[in-house]
Amino acid sequence: MQVIIVTYANHFSIDVQPLEPILEIKQKISNTLGIPVASLTLDVLGLELIDGLDLGDYPIIVEGSKIDLFVDSTYYDMPPMELEHGHDQKILVTIKFSSRQMIIDVDVTETVGSLKEKIHILDGTPTKRMSLFTSGVEMEDEFRYLGEYGVQEFSEISVFLKSMNKVKAEPPTRMLSVVIQTSTSLLNAARIPLEMKDSCSMNEVRLLLLNRKILPMDDYIFIHKQRIMRDNCSLRWHGVENGDYLYVFRGTVSKDGR
């Protein structure tokens, strides 16, 4: 079944099992947002979901239930060495705003555009308004990897708001060969090779898979390098390269537009 995870800025749907442990649900959220499980609290109608229990212990949670997500405020104040590392390729960086800052996990192989999306999920700042700087250099190419800008462990990345009247020309379109990897509950974890232009949006990828009857008619979430892919954004925007895997799960993601 699907439940809706609600933050102060956004909300998104995830698939859960009726008896799924609370810790496993937190881990799914942690993998998406890059926040340690220990810093997450889940709440339904004022009732905290306790680690060690599962959804079966909370009969009020049914299809479409809203689960409030809270992040421990001390998470943003922790010294970098005290924060959890999710994966060996993950590094910790400080995201600095004019009056606040937060420390998050990133991967040096993720793109500037993907980092903006992660900041948007955590903070609610519109991605189109963000201008990111590190070591005095503007990270203006959204398709370049963070590592190309010299981002490393404990780097500081400053966020400034910019006007939206700057339009940039799109680079030439190219063909990509990717692999669609389904979940174990969907087509028995099939691997489906696919060739598409890097300018294709995820909506177009979804429609192609449905029209070819590769996937049954349903709602789906696509994941690239542990990040939820946006329907209206292109493969290029998400930093997808030849040979990359796109993981697909049943579900939907929705935002309140802020």
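**Exercise 1. Strands β11 and β12**

Task: In this predicted model, determine which residue of β12 stands opposite Gln181, how many bridges join β11 to β12, and which side chains of β12 are buried.

Solution.
1. Begin with the single pair: Gln181 stands opposite Arg191, a residue of β12.
2. Extend the view to the two strands. β11 and β12 run antiparallel and are joined by seven bridges.
3. Examine the side chains along β12, which covers residues 191-197. They alternate between two faces. Ile192, Leu194 and Met196 point to one face and are buried, a term that stands for under 20% relative accessible area.
4. Arg191, Pro193, Glu195 and Lys197 point to the other face and are not buried. Arg191, the residue opposite Gln181, therefore belongs to the face that is not buried, because the side chains of β12 alternate in this way.

**Exercise 2. Strands β6 and β7**

Task: Describe how β6 and β7 are joined, and explain why β7 is largely enclosed by the rest of the structure.

Solution.
1. Locate the strands: β6 comprises residues 90-96, and β7 comprises residues 101-107.
2. Consider the connection. The two strands form a hairpin, with four residues between them.
3. Consider the pairing. β6 and β7 run antiparallel and are joined by seven bridges. As an example, Val93 has Ile104 in β7 as its bridge partner.
4. Consider burial. Six of the seven residues of β7 are buried, so the strand is largely enclosed by the rest of the structure.

**Exercise 3. The nonpolar cores**

Task: State how many residues the largest nonpolar core has, which element gives the most to this core, and which residues Leu115 touches.

Solution.
1. The largest nonpolar core has 39 residues. Those with the most contacts inside this core are Ile95, Leu115, Ile119 and Leu132.
2. The element that gives the most to this core is α2, with five residues.
3. Take Leu115 and leave aside residues up to four places away in sequence. Leu115 then touches Ile95, Ile104, Val106, Glu110, Leu132, Leu146 and Ile157. Ile104 is also the bridge partner of Val93.
4. A second, separate core has 21 residues. Ile180, Met196, Val205 and Leu215 are included in this second core. Met196 is also one of the buried residues of β12.

**Exercise 4. Cavities and a pocket**

Task: Give the number of cavities of 30 Å³ or more, identify the elements that contribute to their linings, and describe the second largest pocket.

Solution.
1. The count is two cavities of 30 Å³ or more.
2. The largest cavity has a volume of about 70 Å³. Its lining consists of Ser114, Glu117, His224, Arg227, Ile228, Met229, Trp237 and His238. The elements that give two or more residues to this lining are α2 (112-123) and β14 (227-228). By class, the lining of the largest cavity has three nonpolar, three polar and two charged residues.
3. The second largest cavity has a volume of about 60 Å³, and its lining is formed by Thr32, Ser114, Glu117, Lys118, Ile121, Arg227 and Ile228. α2 and β14 each supply at least two of these residues, and α2 gives the most, with four. The lining of the second largest cavity divides into two nonpolar, two polar and three charged residues.
4. The second largest pocket has a volume of about 740 Å³. It is lined by 26 residues, of which Asp15, Lys28, Ser183, Ile223 and Phe249 are the closest to its centre. Among the elements that each supply at least two residues of the pocket lining are α1 (22-33) and β11 (175-182).

Technical notes. Residues numbered from 1 in each chain as written. Predicted model: local features only at pLDDT ≥ 70, side-chain atom pairs only at ≥ 80, totals over all residues. Heavy atoms only, no water. 1 Å grid on protein atoms, 1.4 Å probe; cavity = no way out; pocket = protein on both sides within 12 Å on 5 of 7 lines; lining within 4 Å. Points joined across faces, edges and corners; volume = space filled by probe spheres on them. Nonpolar A, V, L, I, M, F, W, Y, C, P; charged D, E, K, R; others polar. Buried < 20%, exposed > 50% of the residue type's maximum accessible area, 1.4 Å probe, protein only. Pairing = 2+ DSSP bridges. Core = buried A, V, L, I, M, F, W, Y, C linked by side-chain atoms within 4.5 Å. Contact = heavy atoms within 4.5 Å.
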